[in-house]
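Colleague: I would like to learn how to read a model like this one, feature by feature, and I would be glad if you gave me the general idea before each case.

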Amino acid sequence: MESRRMIIAARIREARKMAGLSQAQVAKMLGVPRPSITEAEAGNRKISAEEIAEMAALFEVSVSWLMGEGDESV
């Protein structure tokens, strides 16, 4: 389970960077504190299904990709 969280964390970070967004910008768009994004990208915080769906839409990637399925790169 821990490795799955780290895969999700890495993919969130990769997708955010590919979208050209800062953690602060993502936090503002999602209506969460910036440290929440930092903790999610570090794999230190569980992410709800709703947050995953919002991030996927924001980064223009699939939910399944963010969840660790499919190819490793966007």
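Modeller: Let us begin with a sorting of residue types, in which Ala, Val, Leu, Ile, Met, Phe, Trp, Tyr, Cys and Pro count as nonpolar, Asp, Glu, Lys and Arg as charged, and the others, Gly among them, as polar. Please keep in mind throughout that this is a predicted model.

Colleague: With that sorting, how do the residues of the lining of the largest pocket divide?

Modeller: They divide into six nonpolar and four charged residues, with no polar ones. The largest pocket holds about 240 Å³ of space, and of the 10 residues that line this pocket, Arg4, Arg5, Ile8, Lys46 and Ile47 lie nearest its centre. Two elements, helix H1 (2–18) and helix H4 (49–59), each give two or more residues to the lining, and H1 gives the most, with three residues.

Colleague: Turning to H4 itself, which of its residues are buried?

Modeller: A residue is called buried when its relative accessible area is under 20%, and exposed when that area is over 50%. In H4 the buried residues are Glu51, Ile52, Met55, Ala56 and Phe59. Seen down the axis of H4, these residues fall within an arc of 135°, so they line one face of the helix. The face turned away from that buried side carries the exposed residues Ala49, Glu50 and Ala57.

Colleague: Glu51 caught my attention in that list, so to speak; why does Glu51 count as buried?

Modeller: Glu51 counts as buried because its relative accessible area is 15%, which is under the cut-off of 20%. A polar atom of the Glu51 side chain lies 3.0 Å from the backbone nitrogen of Ser48. If neighbours within four places in sequence are left aside, Glu51 is in contact with Val32, Arg45 and Lys46.

Colleague: What follows H4 along the chain?

Modeller: H4 is followed by Glu60, whose phi is positive, near 60°, although Glu60 is not a glycine. Glu60 sits in the loop between H4 and H5, and with a relative accessibility of 73% this residue counts as exposed.

Colleague: Where does Val63 lie, and which residues does Val63 touch beyond those up to four places away in sequence?

Modeller: Val63 lies in helix H5, which covers residues 63–66, and at 37% relative accessibility Val63 counts as partly exposed. Not counting residues up to four places away in sequence, Val63 touches Ile52, Ala53 and Ala56. Its C-alpha atom is separated by 9.1 Å from that of Ala49, and the two residues are 14 residues apart along the chain.

Colleague: Which residues of helix H3 are buried, and where do they fall when seen down the axis?

Modeller: In helix H3, residues 34–42, the buried residues are Ser36, Ile37, Ala40 and Glu41. Seen down the axis of H3, they fall within an arc of 130°, so they line one face of the helix. Just after H3, Gly43 takes a positive phi of about 80°.

Colleague: As a last case, is Val26 buried or exposed?

Modeller: Val26, whose place is in helix H2 (residues 23–30), is buried, with a relative accessible area of 1%. Leaving aside neighbours within four places in sequence, Val26 is in contact with Arg16, Leu21, Ile37, Leu58 and Phe59. For one of these, Ile37, the C-alpha to C-alpha distance from Val26 is 7.5 Å, with their places 11 residues apart in sequence counted as their separation.

Technical notes:
Residues are numbered from 1 along each chain as its sequence is written. This is a predicted model: local features need pLDDT of at least 70, side-chain atom pairs count only at pLDDT 80 or more; totals for chains, interfaces and linings use all residues. Side-chain values use heavy atoms; hydrogens and water are left out. On a 1 Å grid over the protein atoms alone, a cavity is a set of points where a 1.4 Å probe fits but cannot get out, and a pocket is an open set with protein on both sides within 12 Å along at least five of seven lines; lining residues have an atom within 4 Å of a point. Grid points are joined across faces, edges and corners, and a volume is the space filled by probe spheres set on the points. Buried means under 20% relative accessible area, exposed over 50%, partly exposed in between (1.4 Å probe, protein chains only). The arc is that of the directions from the helix axis to the C-beta atoms. A polar contact is a pair of N or O atoms within 3.5 Å; within protein, one must be able to donate a hydrogen and the other to accept it, and residues adjacent in sequence count only if both atoms are side-chain atoms. Contact means heavy atoms within 4.5 Å.
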